[in-house]
Amino acid sequence: MTAKISEVFKSIQGEGKYIGVLQVFVRFFGCSLACQMCDTPQGKDPSYGFQEYEAKDLIEKVRQLSDGIHSVSLSGGEPLEQKDFLMSFLPLLKTQGLRVYLETNGVLPDHLKDVIRLIDIIAMDMKLPSATGQRAFWQEHESFLNIAKRTDVFVKTVITLKTDVSDVACAAKLASGVNRGIVFILQPNYFELSEALLGKCRQAHQAALQYLDDVRIIPQMHKHLGIR
């Protein structure tokens, strides 16, 4: 059993609740979604290339980079699309005493169910249809979050100039049905940063606060720092 991996590297987490911690990033190749605002083409564009790893080789690569890290971030692409590999790889991370941080689009609850016992932290995207250009995934997101709540989970959603604030309200209401105190992060689209986008974020913030207690506007700091 092998996995398609775009890159493995050590860097600072630039998004979400754990912004600023040191991690090893394992970027899985492949994602079935085609979100308009996707900022990681290396996670799905074959022209960037990928390498196939067996679990024993990937854990050795991670181990070599793991000194001083907070956790190992499984990113993408979408890691859960390679769930069978994760079932053999995650136990190896645990034997090394490493925390597992899953970055996910939050649309594969059945896959999450099979590996949830081996995951410590989940950074769950909520895909707003007005921002992604995709269909709505409310049902998948609700099922996913109800499984993910067994971990330290937080929700992140990207705000673009096309984002409909009513979509943000729907996402916040859905999240509040699981846990009103969950951290809910509004992430401004880096490629559209402007006063207009910040205004949209403020509107989204007010809409989400109708349902949730902890709503934050946090940009992608790694892009501002010029690092991966």
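Take a salt bridge to be a side-chain nitrogen of Lys or Arg within 4 Å of a carboxyl oxygen of Asp or Glu. By that rule, E7 and R27 qualify, with 2.8 Å from N to O. Keep in mind that this is a predicted model. Across the whole structure, the search turns up 15 salt bridges, the aromatic pairs come to seven, and the disulfide count is zero.

**Salt bridges**

- Start with E7 and R27, whose side chains meet at 2.8 Å, N to O. This one links distant parts of the chain: E7 belongs to strand β1 and R27 to strand β2, 20 residues apart. Both of these charged residues are buried.
- K56 and D57 make another salt bridge, and here the closest N and O atoms are 3.4 Å apart. K56 is exposed, at 54% relative accessibility, while D57 is partly exposed, with a relative accessible area of 37%.
- E60 pairs up with R63, and their closest N and O atoms are 2.7 Å apart. These two sit three residues apart in helix α1 (residues 55-65), so about one helical turn separates them. E60 is partly exposed at 31% relative accessibility, and R63 is partly exposed too, at 39%.
- There's also a network: E15, D125, K127 and K156 are joined by salt bridges that share partners.

**Aromatic rings**

- The structure has seven aromatic pairs. One of them is F9 with F25, a stacked pair with 5.1 Å centre to centre and 10° between the planes. F9 sits in strand β1 (residues 2-12) and F25 in strand β2 (residues 22-28), so this pair ties together parts that are 16 residues apart in sequence. F9 and F25 are both buried.
- Y190 and F191 go the other way on geometry: their ring centres are 5.7 Å apart and their planes lie at 80°, so the pair counts as edge-to-face. As for solvent, Y190 is partly exposed, with a relative accessible area of 30%, and F191 is exposed, at 56% relative accessibility.
- Y18, Y101 and F154 form a cluster, linked by ring pairs.

**Charges over rings**

- R228 lies over the face of F9, at 4.0 Å from the ring centre. That puts a charge on a ring that also stacks with F25.
- K223 lies over the face of Y190, at 5.7 Å from the ring centre. Y190 is the ring that makes the edge-to-face pair with F191.

**Cysteines**

- Don't look for disulfides here, as the structure holds zero. C31 is in none, and the nearest cysteine sulfur, that of C35, is 6.5 Å away. The cut-off for a disulfide is 2.5 Å between the sulfur atoms, so a gap like that doesn't count.
- C31 is partly exposed, with a relative accessible area of 22%.
- C201 has its closest cysteine sulfur in C35 as well, but at 17 Å, which is too far for a bond. C201 is buried, with a relative accessible area of 0%.

**Strands β1 and β2, put together**

- Two of the contacts above run between these strands: the salt bridge of E7 in strand β1 with R27 in strand β2, and the ring pair of F9 in strand β1 with F25 in strand β2.
- E7 and R27 are buried, as are F9 and F25.

Conventions:
Residues numbered from 1 in each chain as written. Predicted model: local features only at pLDDT ≥ 70, side-chain atom pairs only at ≥ 80, totals over all residues. Heavy atoms only, no water. Buried < 20%, exposed > 50% of the residue type's maximum accessible area, 1.4 Å probe, protein only. Phe/Tyr/Trp six-rings, centres within 6.5 Å; stacked < 30°, edge-to-face > 60°. Helix = DSSP H or I, 4+ residues; strand = E, 2+ residues; numbered from the N terminus. Lys NZ or Arg CZ within 6 Å of the ring centre and 35° of its normal.
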